[in-house]
Amino acid sequence: MRALAKTSPGPGLQLIDAPEPSAGPGQVKIRVERAGLCGTDLHLEGWDEWAEGAMNLPQIIGHEFFGEIVELGDGVEDRGDMAVGDKVSGEGHIVCGVCRNCRAGARHLCRNTLGVGVNRDGAFADYVVIPAENAWKQPDWVDADLGALFDPLGNAVHTALKFPLAAEDVLVTGSGPIGVMAVAVAQAVGARYVVATDVSDERLELARAAGADLTVNVSQTRIADAMAELGMKEGFDVCLEMSGHGSAVREAIDTMNHGGAIAMLGLPGQGYEVDWGKVITHMLTLQGIYGREMFETWYKMTQLLQDNETLVEHVRSVVTHRFAAEDWQEAFDTARSGKCGKVLLDWS
């Protein structure tokens with residue numbers, strides 16, 4: 001089968017002819033139709049220090065995907081909830097099931113998590129095998145493009161719903177695909193104003209298309225100045241931090257209302273200073289967010305999208321480029337340029 005893999009240390013990937021996997025006990029084999037590029041994939045392709053410590057070579061990468069079940073491993077049919085021919089997306093975090101958090105029902109906090117496409121073969125291939133419990137059966141109205149977005153959409157939903165947003169003023173720092181989807185979710189659940197920031201005009205345009213009331217290019221304008229444009233006098237109630245940049249976190253802290261909350265998804269490339277004095281005196285809450293709650297976030301994603309054509313349209317709007325699997329290098333170059341939204345690979 002075709003597979004995009006890291007076959008040796010160093011930058012780059014190879015489109016190889018790999019052995020076709022089979023579903024083991026408790027697993028499902030999925031024919032991949034569509035897969036999305038993530039910042040994680042760019043790290044793996046570029047072979048930075050993190051990637052070098054994360055991968056066991058050779059390995060197929062990719063973890064955002066949608067496809068069709070073509071084989072059930074032993075014991076899966078007995079569950080009665082999956083069948084060959086079902087269309088599914090996949091939860092890319094595979095947990096141990098036996099640690100304290102897993103047994104307590106907080107699987108997203110498992111200390112022994114393995115990542116599809118990071119610690120084991122992934123979905124940039126014609127077929128991928130995952131535990132059956134990690135496959136999310138999709139309703140008929142979810143097509144390949146939308147289904148491939150459920151992994152990053154889960155990050156946006158998990159972050160956006162961490163704090164109440166109805167009637168609140170919300171700041172989204174970082175308008176990559178997850179930030180743009182967070183804008184759409186915040187609007188869908190009734191935020192009063194949603195302000196999105198970035199340094200890319202292309203991505204700010206995507207945020208506007210997803211429903212942002214105001215966008216701010218922070219390389220040119222300060223967030224505090226933009227607040228005056230909306231008549232805001234007391235600061236933001238909630239910030240969804242998607243950028244991972246210290247300057248964004250500092251400016252968010254400076255523009256939060258007293259008692260405000262910051263949900264932090266963006267991973268910093270390096271450490272940065274935080275004004276902890278202001279966090280204390282303004283009684284701010286800083287909450288780290290990682291991945292999705294398994295599987296409460298998946299239920300919420302499906303229910304938020306169901307019969308909400310506006311939200312579906314806004315989520316779809318993050319897809320700006322589609323490439324055939326054979327054109328993977330162009331796809332990676334486009335994703336790395338920053339002048340795009342979500343980039344999808346077509347494996348159908």
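**Exercise 1. Find the loop that holds Phe295, then describe the peptide bond that joins Met294 to Phe295.**

Start with the address: Phe295 lies in the loop between β16 (285-288) and α12 (296-305). Helices (H or I, at least four residues) and strands (E, at least two) are DSSP runs, numbered from the N terminus. Now look at the bond: Met294 and Phe295 are joined by a cis peptide bond, with omega about 5°.

A quick note before going on: this is a predicted model, where local features need pLDDT of at least 70 and side-chain atom pairs count only at pLDDT 80 or more, while totals for chains, interfaces and linings use all residues. Residues are numbered from 1 along each chain as its sequence is written, and side-chain values use heavy atoms, with hydrogens and water left out.

**Exercise 2. Locate Pro58 and Trp47, and say what their backbone angles show.**

Take Pro58 to begin with. It sits in the loop between α2 (49-54) and β4, and a cis peptide bond links Leu57 to Pro58, with omega about -5°. Trp47 belongs to the loop between α1 (39-46) and α2. Its phi is positive, about 60°, even though Trp47 isn't a glycine.

**Exercise 3. Work out the strand order of the open three-stranded sheet and pick out its edges.**

Read off the order: β2-β1-β4, paired antiparallel. β2 (14-17) and β4 (59-60) are the edge strands, each with a single partner, so one side of each has no neighbour in the sheet. Strands count as paired if DSSP finds at least two bridges between them. Then zoom in on β1 (residues 2-6), which pairs with β2 in the antiparallel sense over four bridges. Here Arg2 stands opposite Asp17 in β2.

**Exercise 4. Describe how domain 1 meets domain 2, going from the overall layout down to residues.**

Layout: the domain assignment (automatic or from a database) gives domain 1 as 2-154 + 292-346 and domain 2 as 163-288. Their C-alpha centres are 28 Å apart.

Contacts: 15 residues of domain 1 touch 15 of domain 2, where contact means heavy atoms within 4.5 Å.

Area: about 1,200 Å² is buried between the two domains, 75% of it from carbon and sulfur atoms. Buried area is the accessible area (1.4 Å probe) that two parts lose on being put together, summed over both. On the domain 1 side, Pro152, His314 and Val318 lose the most area to domain 2, together 32% of what that side buries.

Salt bridges: the rule (a side-chain nitrogen of Lys or Arg within 4 Å of a carboxyl oxygen of Asp or Glu) finds zero across this interface.

Helices: α6 (150-160) and α13 (309-316) each supply at least two residues of the domain 1 side that touches domain 2. α13 gives the largest share, three residues.
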